[in-house]
Structure formats: C-alpha cells, structure tokens
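Colleague: I have some questions about this model. Can we go through it piece by piece?

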Amino acid sequence: MQRMTGKRRTAPRSAPGLAGRRRIGLGLCATLLGAFWPFGQVLARHVVRPWPAGRPAPPLDLVDLDGKRWTIDALAGRVVVLNFWATWCEPCRVEMPSLEAMAARKRREGVVVCAVNYLESPDKIRRFLERAPFKAPILLDSDGDATVAWTPRVFPSTVLVGRDGRPATTVVGELDWEAEEAGALLDPLIAVSRKS
C-alpha cells in the first residue's frame, strides 16, 4: 500500500530522490506496523472495509484516455470495480495483471473494471502502458477530486459498486483479483438480479 501525501493540483514531478522518499515512507510504515503486530503473523497486503452505511456514492464524471466520458450513473445495472492507482505505485503495478484477468473473465457477468489514474498526464500513462499493457478503461482523475472523494488516499484502493450504483466495499491495498477472496467479494454483487 502507498499513501498519497496530500492532494496535489498538478501531476507529481520526477524529481531526483522522489522514489527514495517513497521507499523511506513505506519502510517507516512497515516498521511502525511491525512494532504493533503480533510476532509470527504476516501483515496483510490489503484491508477490506464495508462502505459506510448511509454514505452516498460520491460523484464520478471522468474521461478516459480516448476522451470518452464515464459516469457512475451510466454504469448502473453493472457491477463496477473502481481501481484507484498511479504509475509510481509499485503495489498498483503488481495488482494490475490479476485485475485485468478478472475483468476479462467476469465481463460476461456484467462486471466493468475502471482504473482511475491519480493526477498523471495521458502521455505518462501511455508510456507506462507500452511497458505494462492494460486493456480495461483508464479514467483520468486530473484534479484528484475523485480519488479524494472515493478512497482513504492509499494506493491501490478499489471500490466495488453494486448494480444499483451503491458502493458496497473498499479494498485498501493490493489484492490478487484472481484469488478466492476476490471472488467472495464480487460474487454476491454479481448474483444480484439486474432488475433489482
């Protein structure tokens, strides 16, 4: 998991030392967590949280890399997997192949995966995709507002939205989307009738 350090209005720069500062921050988080975690247990790479009861879905109105507009309302009737990520986030990159495989396998069941990129330019994302192809739609959160509204500001964070347009669960951190745990999260949402 990687925490964003505050809402920025411009894309992060590739300044010397930025990667080092991120590694230091992650190392510090792991050290602090290790100090409070019982010995002999492995730290989970993710945490599953129910969406807060009574909290409505925040707005989502973004464009993808091709300029197509995506809104949460237009996706009603489908199970939506909103994955919030950035190219500099290593756990995001690790998670992407299983997310893409799940998207291809579950498409016929009405599942749509949208990868919401945080603050990065289309050119930077396209360069990243040349090295790590990903076929699901990539939505551009160019001002960061969607990420701030939908997530706890940790990457990757994934919100599962039911066919009724209501968020059900947030997965904070990296998850193997081909694993049994992911199926246990998605299958109840898929099972709900499209007419409900």
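Modeller: Start with a term: a nonpolar core is a set of buried Ala, Val, Leu, Ile, Met, Phe, Trp, Tyr and Cys residues joined through side-chain atoms within 4.5 Å. Keep in mind that this is a predicted model.

Colleague: Which residues touch the most other members of the largest nonpolar core?

Modeller: That core holds 51 residues. β5, α2, β6, α3, β7 (138–141), α4, β9 and α5 (180–191) each supply at least two of them. The residues that touch the most other members are L82, W150 and W177.

Colleague: Which element gives the largest share of this core?

Modeller: Helices and strands both contribute, among them α2 and β5. The largest share is seven residues, and it comes from β6.

Colleague: What does L82 touch, leaving out residues up to four places away in sequence?

Modeller: Contact here means heavy atoms within 4.5 Å. One of the partners is W150, which also ranks with L82 among the residues touching the most other core members. The full set for L82 is L60, I72, C114, V116, W150, S157, T158, V159 and V161.

Colleague: Is C114 buried or exposed?

Modeller: Buried means under 20% relative accessible area. C114 has 0% relative accessibility, so C114 counts as buried.

Colleague: What share of the protein chain is buried?

Modeller: The protein chain has five helices and ten strands. Its accessible surface comes to about 10,900 Å², with 57% belonging to carbon and sulfur atoms. Of its 196 residues, the buried share is 44%.

Colleague: Among contacts with a separation of 6 or more, what percentage joins residues 24 or more positions apart?

Modeller: The count covers contacts in the protein chain with a separation of 6 or more. Residues 24 or more positions apart account for 73%.

Colleague: Which cysteines form a disulfide?

Modeller: The cut-off is 2.5 Å between cysteine sulfur atoms. By this rule there is one disulfide. Its sulfur atoms lie 2.4 Å apart, and the pair is C89 and C92.

Colleague: Why is the disulfide of C89 and C92 given a handedness, and which one?

Modeller: The torsion about the S-S bond decides it. C89 is buried at 0% relative accessibility, and C92 is buried at 1%. The torsion is about 85 degrees, so the disulfide of C89 and C92 is right-handed.

Colleague: How do the rings of W51 and W150 meet, and what is that arrangement called?

Modeller: The structure holds four aromatic pairs. In the W51 and W150 pair, the ring centres are 5.7 Å apart and the planes stand at 50 degrees, so the pair is tilted.

Colleague: How many residues apart in sequence are the parts that W51 and W150 tie together?

Modeller: W51 is buried at 8% relative accessibility, and W150 is buried at 1%. W51 lies in the loop between β2 (46–50) and β3 (61–64), while W150 is in helix α4, so the pair ties together parts separated in sequence by 99 residues.

Colleague: What type of aromatic pair do W88 and F155 form?

Modeller: Planes over 60 degrees apart count as edge-to-face. For W88 and F155 the angle is 85 degrees, at 5.6 Å centre to centre. The pair is edge-to-face.

Colleague: Where do W88 and F155 lie, and how many residues apart are the parts they tie together?

Modeller: Both rings belong to buried residues: W88 has a relative accessible area of 16%, and F155 has 0%. W88 lies in the loop between β5 (79–85) and α2 (90–106) and F155 in strand β8, so the separation in sequence is 67 residues.

Colleague: Which residues do ring pairs link into a cluster?

Modeller: W88 and F155 are already paired. The cluster consists of W88, Y118 and F155.

Colleague: Which peptide bond is cis?

Modeller: Most peptide bonds are trans. P156 lies in the loop between β8 (154–155) and β9 (157–161). With omega near -10 degrees, the cis bond runs from F155 to P156.

Colleague: L119 has a positive phi although it is not a glycine; is L119 buried or exposed?

Modeller: Its phi is about 65 degrees. L119 is found in the loop between β6 (111–118) and α3 (122–131). At 4% relative accessibility, L119 counts as buried.

Note on methods
Residues numbered from 1 in each chain as written. Predicted model: local features only at pLDDT ≥ 70, side-chain atom pairs only at ≥ 80, totals over all residues. Heavy atoms only, no water. Buried < 20%, exposed > 50% of the residue type's maximum accessible area, 1.4 Å probe, protein only. Helix = DSSP H or I, 4+ residues; strand = E, 2+ residues; numbered from the N terminus. Areas by Shrake-Rupley, 256 points an atom, 1.4 Å probe, with all protein chains shown as cover. Phe/Tyr/Trp six-rings, centres within 6.5 Å; stacked < 30°, edge-to-face > 60°.
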